[in-house]
Amino acid sequence: MAPGIRLVAWAKRPLLGARQSGLLDRQAEAEGISGLELMASAGAAVARRITLHDKPAEPVLVLCGPGNNGGDGWIIATELAALGWPVRVASLIPPANLKGDAAAARARWTGPVEAITPETPKNASIIVDALFGVGLNRALDPAAASVVDGVNQLRANRPKTLVYAVDIPSGVDADTGDIRGTAIKATHTVSFVTAKPGHLLYPGRSNRGHLDVVDIGIDAQLIDRLTPRLFANSPALWGSSLPERGPDSHKYKFGHALIVGGPAKSTGASRLAAIAALRIGAGLVSVVTASSALPIYASTLTSVMTKIADSKEEIEELLNDERITVILIGPGAGITKATEDTLELILRRPGKAVLDADALSVLANASHLRALLHANVVLTPHEGEFKRLFPSIRGTRIERAESAARESGATIVLKGADTIVATPDGRSAIMGEAPPSLATAGTGDVLAGLITGIFAQNVTAFEAACAGVWLHAEGAAMHTSGLIAEDLPRSAALARGRLHVSPSRHAAVMLPIHQPCA
Ligand SMILES: NC(=O)C1=CN([C@@H]2O[C@H](COP(=O)(O)OP(=O)(O)OC[C@H]3O[C@@H](n4cnc5c(N)ncnc54)[C@H](O)[C@@H]3O)[C@@H](O)[C@H]2O)[C@@H](O)CC1
Ligand SMILES: Nc1ncnc2c1ncn2[C@@H]1O[C@H](COP(=O)(O)OP(=O)(O)O)[C@@H](O)[C@H]1O
Ligand SMILES: [K+]
């Protein structure tokens, strides 16, 4: 990394939205660092990040907006020029109309200024998007939208074009990841102090490119004063909580997970989940099945044990076994009265449980069971199941996951490309790095099994859910093609092993080591 850039291990820090980022800046100012100083540091860091590339023949095009994101742009242009780089600056509003720190930053630029038109992005190989940052509060107006579309068109026509978004790609809502009309498709984003939710949430996540977060001189302790509750899902959150086996380890110290098996016509989902639970570290895993499906389970499972229960009473007796540390119900279970009865027995038993798939559909129609939910129950709905469970909850994905956790009292895993984990006490985490290869049948069953297997050990619901989601994605990312659900338990377990051996793709984000991108 070029001198003067202090990268932040952003996965270790909370995610701050627009309002909290503004509060942090004001706190820093109260501590004696002016907004202009912060802007100067921010702009200098982006300029130095850009100079890791070869100096282009054509001028770097810096697009400046009307607020402080634009202010960063004027500093970037000034710094690049001072380093001997050719630069063009184009402004969305007449520079005389700029105010405050942005006006002061503009005053540092002594070169010519163009007015932004749809033609502006032509012939640039490096473009700096300093149009809008966390202050975006409505859809881009036509003038801004046309230059954004022009940048995206140029990048589409000339794939080697580098587009550096300052703080966040213009048009992406920093809080929600929504696209306000249209948005810059960046190859790189350089943000400040912390990552923002919009860097991890789709659709904005697709516009972000490579993300660096840089230190601009704000003391990390000031972040804690904001009592942030939203995090990037990374091993920094839960890695140290996962129990490791040592010489004195015994299988019973790693929990006993019980998986409720589906009937003979649908055994695959619970078998996938059981294998995942065992691979990820549960000491013992058993599948409970009716006698009619026993031959299937017994002939396909080896290290996973089978237990027979043919009546509600027999299931109840099994559940009374205090050595069972967590129960999973749902994968392949069937939306039936029998599933409802077993679910009720599980929820009446104080202790850990994971509810997935058919158990969620049953729960959606069984209001009397809702009152039995608690923080040690993990619900893993995809969007469809979520809507059935919580039809009146509206808002962004984060808001909905958080409201559902608060309202139900359970820990929620809202699955999708950007899976969100939310707890009833208000903590949440976004997984922003899952590969789309997970969009294949049975991966949800494996996820439920992974969470169950981790939860079986001495780990909280939040940690188990976050670790399961992360290891699921990391395991999938090991496969370049042809991923099927059967591959995932082993890959997720390998990913878990790598946490301690070598920095993984994601852990690299957390280390101060950084390879410049081409
Ligand atoms: N002390 C600070 O506040 C710091 C701020 N920094 C930069 O400042 C940015 C935030 O600055 P601001 O709060 O001024 O916000 P922005 O610069 O992101 O944008 C706000 C301006 O754009 C206008 N606007 C919002 N949406 C619009 C739309 N759709 N169409 C047209 N105009 C629109 C607003 O009326 C306002 O004038 C950060 O993202 C970061 O880049 C950095 O310099 C670090 C320090
Ligand atoms: N486009 C995507 N990108 C990343 N992860 C995805 C994507 N689509 C689905 N997933 C993940 O794959 C899993 C699918 O689970 P689910 O919808 O329950 O499917 P199934 O019932 O077939 O197992 C979830 O963990 C989800 O987060
Ligand atoms: K921007």
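**Exercise 1. Work out which strands flank S4, and how its residues sit.**

Start with S5: strand S4 and strand S5 (residues 162-166) run parallel and are joined by four bridges. Strands here are DSSP runs of E with at least two residues, helices are runs of H or I with at least four, and both are numbered from the N terminus; strands count as paired if DSSP finds at least two bridges between them. Within this pairing, Ile127 has Val163 of S5 as its bridge partner.

Before going on, a word on the model. It's a predicted one, where local features need pLDDT of at least 70, side-chain atom pairs count only at pLDDT 80 or more, and totals for chains, interfaces and linings use all residues. Residues are numbered from 1 along each chain as its sequence is written, while chains are lettered from A and ligands numbered from 1 in the order in which they are written.

Next, take S1 (residues 60-64): four bridges join it to S4, again running parallel. Here Val62 pairs with Val128 of S4.

Finally, look at burial (buried: 20 or more other C-beta atoms, placed from the backbone, within 10 Å of the residue's own; exposed: 12 or fewer; partly exposed: in between). Five of the five residues in S4 (residues 126-130) are buried. Ile126, Val128 and Ala130 point one way, with Ile127 and Asp129 pointing the other.

**Exercise 2. Follow Val62 into the largest nonpolar core and place that core relative to the domains.**

Step one: list the contacts of Val62 (C-beta atoms, placed from the backbone, within 7 Å). Leaving out residues up to four places away in sequence, Val62 touches Gly73, Ile76, Ala77, Val87, Val89, Val128 and Ala130.

Step two: find the core, meaning a set of buried Ala, Val, Leu, Ile, Met, Phe, Trp, Tyr and Cys residues joined through C-beta atoms within 7 Å. It has 167 residues, and Val62, Leu63 and Ala277 touch the most other members. Helix H18 (residues 461-477) gives the largest share, 11 residues.

Step three: since domain 1 (10-228) and domain 2 (254-510) both contribute residues, the core lies between them. Those bounds come from an automatic or database domain assignment.

**Exercise 3. Describe the shell around ligand 1.**

First, count: 28 residues surround ligand 1, and the closest are Gly67, Asn68, Asn69, Gly133 and Gly135. "Near" means a C-beta atom, placed from the backbone, within 6 Å.

Then, assign elements: helix H2 (35-50) and helix H3 (68-82) each give two or more residues. H3 gives the most, with five.

Note on methods
Contact = placed C-beta atoms within 7 Å.
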